[in-house]
Amino acid sequence: AKELYGRTKPHLNIGTMGHVDHGKTTLTAAITKVLSERGLARAVPFGRIDRAPEERDRGITINIAHVEYETDTRHYAHVDMPGHADYVKNMITGAAQVDGAVLVVSAQDGAMPQTREHIVLARQVGVGHLVVALNKADAVRDPELLDLVELEIRDLLTEYGYPGDDTPVVRVSGLRALEGDPYWSARIGDLLDAVDAHIPVPARLLDVPFLMAIENVMTIKGRGTVVTGVVDQGSLAVGEQIQVVGLGAEAGTVTCTSLETFGHSMPHTEAGDSAALLLRGVQRTEVRRGQVVAAPGSVSPHARFTADVRLLTAAEGGRSRPIATGYRPQFHIRTADLVGALTLPDDGVAFPGDSVTMTVDLASPVALSEGLGFAIREGGRTVGAGFVTALLD
Ligand code: GDP
Ligand code: MG
């Protein structure tokens with residue numbers, strides 16, 4: 001039998017973000033190493049994080065590494081991703097749904113273009129709290145230079161609506177900590193203290209119907225089909241019924257016969273958990289990424305809706321040219337990624353930087369409700385971010 005998940009500490013989902021090569025993966029490995037010495041984690045080597053097996057579902061690569069650790073007061077699931085494109089895709093699609101993030105900035109290089117884009121992205125997808133790891137501090141001798149980089153990051157955070165003056169900026173060296181240097185190992189402790197203190201346990205929606213967006217589907221030999229994701233809201237106990245909704249799913253209910261998180265079994269799962277649900281009698285081909293599993297009758301699929309959308313500027317990674325009625329970009333709604341045609345009001349044209357009301361016709365219905373956020377992408381860039389204002393079908 002599998003070890004039971006204790007649920008003795010509040011659970012949070014966090015992740016590293018920041019410009020390529022600024023040390024996100026090294027820092028992630030260092031965190032697990034430092035905490036493993038305190039008996040609070042299993043050390044995960046750099047290579048296991050950096051070369052996490054790609055998960056594939058119907059041609060979509062989910063390139064994302066998950067590690068698990070505890071501090072004295074919390075249990076964390078931590079995501080790290082290899083490349084910038086993975087960040088954009090996984091953060092927007094919700095595969096990297098985090099309650100807070102560690103923004104890794106190399107003290108040698110300072111804020112770089114992807115640093116800015118990740119801050120913009122974090123803002124868009126509603127990551128409320130950031131802590132800055134000013135990494136590679138071992139390689140910068142001049143303390144005034146460190147101060148300068150710190151100021152620059154604080155300004156950048158403020159520019160995008162984060163409390164730049166009050167955000168913890170901790171000088172660390174992931175590399176030296178990973179090598180076992182006691183001074184730099186202690187700085188990882190400082191960083192984790194800052195994360196514990198600055199990223200609050202989010203208010204979880206527990207007293208509402210269960211819903212989890214499906215991130216991935218797996219077959220476990222001899223057991224059946226498993227769907228994984230982060231529970232959006234509500235709770236679910238082993239033996240309870242759920243419904244698969246969206247992308248043409250059949251309307252019937254299925255029973256969840258087993259629940260796991262990071263290889264530990266659990267009698268129930270709740271909002272915020274990274275969960276794997278074993279579904280009785282469901283074939284691998286009957287469920288897919290982009291659908292949701294939800295309490296029966298609690299949510300229905302829709303293809304037509306109105307939305308308020310802000311179009312990103314080129315500096316934020318968006319388009320440089322306007323869009324017009326009839327434009328058919330990709331809509332990323334929870335884990336779904338599907339084409340939609342949009343209709344704009346008045347003259348039917350909108351410019352980067354504009355906030356517009358639009359009507360959207362999706363290629364296939366997905367689980368929708370008023371207030372749900374989504375992103376609009378085109379050819380690898382994020383064009384806009386918005387939320388559903390009304391359901392039309
Ligand atoms: P990522 O792309 O942000 O995940 O960056 P990596 O963790 O792969 O690190 C990129 C490079 O920076 C590697 O060569 C690391 O050894 C190096 N590096 C990472 N952290 C530190 C650090 O704290 N100090 C120094 N000097 N180098 C580091
Ligand atoms: Mg990396």
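Let's start at the ligand: an oxygen atom of ligand 1 sits 3.0 Å from an N or O atom in the side chain of lysine 136. Keep in mind that this is a predicted model. Besides the ligand site, there are two cavities of 30 Å³ or more to look at, plus some antiparallel strand pairs, among them β19 with β24.

**Polar contacts and burial of ligand 1**

- Lysine 136 isn't alone in reaching a ligand oxygen with its side chain: a polar side-chain atom of serine 173 lies 3.1 Å from an oxygen atom of ligand 1.
- Glycine 23 joins in through its backbone, with an N or O atom there placed 2.9 Å from an oxygen atom of the ligand.
- As for cover, ligand 1 taken alone exposes 580 Å², and the protein buries 79% of that.

**Who surrounds the ligand**

- The shell around ligand 1 counts 16 residues, and the ones that come nearest are Asp21, Lys24, Thr25, Thr26 and Asp138.
- Sorted by class, that shell has eight polar residues, four charged ones and four nonpolar ones.
- Two elements give two or more residues each to the shell: helix α1, spanning 24-36, and helix α6, spanning 174-178.
- Of the elements, α1 provides the largest share of the shell, with three residues.

**The largest cavity**

- If you're after enclosed space, the largest cavity has a volume of about 50 Å³.
- Ten residues line this cavity, and Thr16, Met17, Met81, Met91 and Val98 are the closest to its centre.
- Strand β1 (11-17) and helix α3 (84-93) each supply at least two residues of the lining.
- β1 makes the largest contribution to that lining, at three residues.
- In terms of chemistry, the lining of the largest cavity is made of eight nonpolar and two polar residues, with no charged ones.

**The second largest cavity**

- The runner-up holds about 40 Å³ of space.
- Its walls come from Gly290, Val292, Ile333, Arg334, Ala336, Val366 and Ala367.
- By class, the lining of this second largest cavity comes out as five nonpolar residues, one polar and one charged.

**The β10–β11 hairpin**

- Strand β10 (residues 216-220) runs antiparallel to strand β11 (residues 224-233), and five bridges join the two.
- For a handle on the register, asparagine 216 has threonine 228 in β11 as its bridge partner.
- The pair forms a hairpin with three residues between the strands.
- Within that turn, glycine 222 has a positive phi of about 80 degrees.

**Strands paired with β24**

- Strand β19 (residues 301-311) is joined to strand β24 (residues 355-367) by nine bridges, and the two run antiparallel.
- Opposite alanine 307 you'll find methionine 358 in β24.
- Strand β22 (residues 336-343) also pairs with β24 in the antiparallel sense, over four bridges.
- Here the register can be read from glycine 340, which stands opposite leucine 362 in β24.
- There's a link back to the cavities too: Val366 and Ala367 belong to the lining of the second largest cavity, and β24 covers residues 355-367.
- Ala336 is another of those lining residues, and β22 covers residues 336-343.

Note on methods
Residues numbered from 1 in each chain as written. Chains lettered and ligands numbered in written order. Predicted model: local features only at pLDDT ≥ 70, side-chain atom pairs only at ≥ 80, totals over all residues. Heavy atoms only, no water. Near = heavy atom within 4 Å. Polar contact = N/O pair within 3.5 Å; in protein donor to acceptor, adjacent residues only side chain to side chain. Areas by Shrake-Rupley, 256 points an atom, 1.4 Å probe, with all protein chains shown as cover. Nonpolar A, V, L, I, M, F, W, Y, C, P; charged D, E, K, R; others polar. 1 Å grid on protein atoms, 1.4 Å probe; cavity = no way out; pocket = protein on both sides within 12 Å on 5 of 7 lines; lining within 4 Å. Points joined across faces, edges and corners; volume = space filled by probe spheres on them. Pairing = 2+ DSSP bridges.
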